[in-house]
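Let us walk through this structure step by step, from charged pairs to the nonpolar core and on to the aromatic rings.

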Amino acid sequence: MKIDSTFCLLVFFMAVLVFSTPMIALAQQNSERAEAVAAAERDAKADIKQGVWGAVGFLCGAGTVLVAYFAQAPPAARFVGKSPEYIQIYTQTYKAKVRNRQTGPAVLGCLAGTLAFYLYVSISEQ
């Protein structure tokens, strides 16, 4: 039995369609992931004022470092109309970025405050 070239062409296009569909879905998923990461990083940078965390660390001490490390929930209003995957990726990225942006200045402020207090006490005792 002879196979017609039109049939072979049709089978080829069907195979391309079947095997490319997962690739298209994967590309869309990667696009959504990249969008969530970029939005989370941008929002974390805009939301966190590092100078404020440094000043609070200077004035309040070690408790500020703990608050800075654990306080990082993104506002829920940013998730309206977003998929569960987007929300999960955004939340993970946002928490990591916020933790880094808050904790570093809080630690430096705490250390500077402790040093200033130590110097004040040692000078006032003389």
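Is Arg-78 buried, partly exposed or exposed? Arg-78 has a relative accessibility of 26%. That value falls between the 20% and 50% cut-offs, so Arg-78 counts as partly exposed. Keep in mind that this is a predicted model.

Arg-78 is a good place to start with the charges. Its salt-bridge partner is Asp-43, and their closest N and O atoms lie 3.8 Å apart. Asp-43 sits in helix α1, while Arg-78 sits in the loop between α3 and α4, so this pair ties together parts that are 35 residues apart in sequence. Asp-43 itself is buried, at 15% relative accessible area.

Asp-43 has another partner. Arg-42 also forms a salt bridge with Asp-43, with 3.7 Å between the closest N and O atoms. Arg-42 is exposed, at 53% relative accessibility. Now put the pairs together. Salt bridges with shared partners join Arg-42, Asp-43, Asp-47 and Arg-78 into one network.

The whole structure holds 5 salt bridges. One of them pairs Glu-35 with Lys-82, where the closest N and O atoms are 3.9 Å apart. This pair, too, links distant parts of the chain. Glu-35 belongs to helix α1 and Lys-82 to the loop between α3 and α4, 47 residues apart. What is the exposure of Glu-35? Glu-35 is partly exposed, with a relative accessible area of 42%. Lys-82 is partly exposed as well, at 33%.

Next comes the nonpolar interior. The largest nonpolar core has 16 residues. Which of them touch the most other members? They are Ala-36, Trp-53, Tyr-86, Tyr-90, Tyr-94, Val-98 and Ala-106. Helices α1 (5–47), α3 (62–70) and α4 (84–124) each supply at least two residues of this core. The largest share, 7 residues, comes from α4.

Take Ala-36 as a way in. Neighbours within four places in sequence aside, Ala-36 is in contact with Tyr-86, Ile-89 and Tyr-90. Two of these contacts, Tyr-86 and Tyr-90, are buried. Both lie in helix α4, 4 residues apart, about one turn of the helix.

That leads to the rings. A pair of aromatic rings is described by the distance of the centres and the angle of the planes. The structure has 4 aromatic pairs. In one, Tyr-69 and Phe-70 meet edge-to-face, 4.9 Å centre to centre and with 85° between the planes. Tyr-69 is partly exposed, at 35% relative accessible area. Phe-70 is exposed, at 60%.

How are the rings of Tyr-86 and Tyr-90 arranged? Their centres are 6.1 Å apart and their planes stand at 20°, so the pair is stacked. The stacking cut-off is under 30 degrees. Ring pairs also extend the picture: Phe-79, Tyr-86, Tyr-90 and Tyr-94 are linked into a cluster.

Finally, turn to the surface. Which residues form a nonpolar patch there? Leu-115, Tyr-118, Leu-119 and Ile-123 do, with about 450 Å² of accessible area together. Tyr-118 is found in helix α4. Tyr-118 counts as exposed, at 57% relative accessibility. Helix α4 thus holds the exposed Tyr-118 and also supplies the largest share of the core.

Conventions:
Residues are numbered from 1 along each chain as its sequence is written. This is a predicted model: local features need pLDDT of at least 70, side-chain atom pairs count only at pLDDT 80 or more; totals for chains, interfaces and linings use all residues. Side-chain values use heavy atoms; hydrogens and water are left out. A nonpolar core is a set of buried Ala, Val, Leu, Ile, Met, Phe, Trp, Tyr and Cys residues joined through side-chain atoms within 4.5 Å. Buried means under 20% relative accessible area, exposed over 50%, partly exposed in between (1.4 Å probe, protein chains only). Contact means heavy atoms within 4.5 Å. A salt bridge is a side-chain nitrogen of Lys or Arg within 4 Å of a carboxyl oxygen of Asp or Glu. Patches are made of residues with over 30% relative accessible area and no salt bridge: like charges are joined within 9 Å, nonpolar side chains (Val, Leu, Ile, Met, Phe, Trp, Tyr) within 5 Å. Accessible areas come from the Shrake-Rupley method with a 1.4 Å probe; for residues, only the protein chains shown count as cover. Rings of Phe, Tyr and Trp (its six-membered ring) pair if their centres lie within 6.5 Å; planes under 30 degrees apart count as stacked, over 60 as edge-to-face and the rest as tilted.
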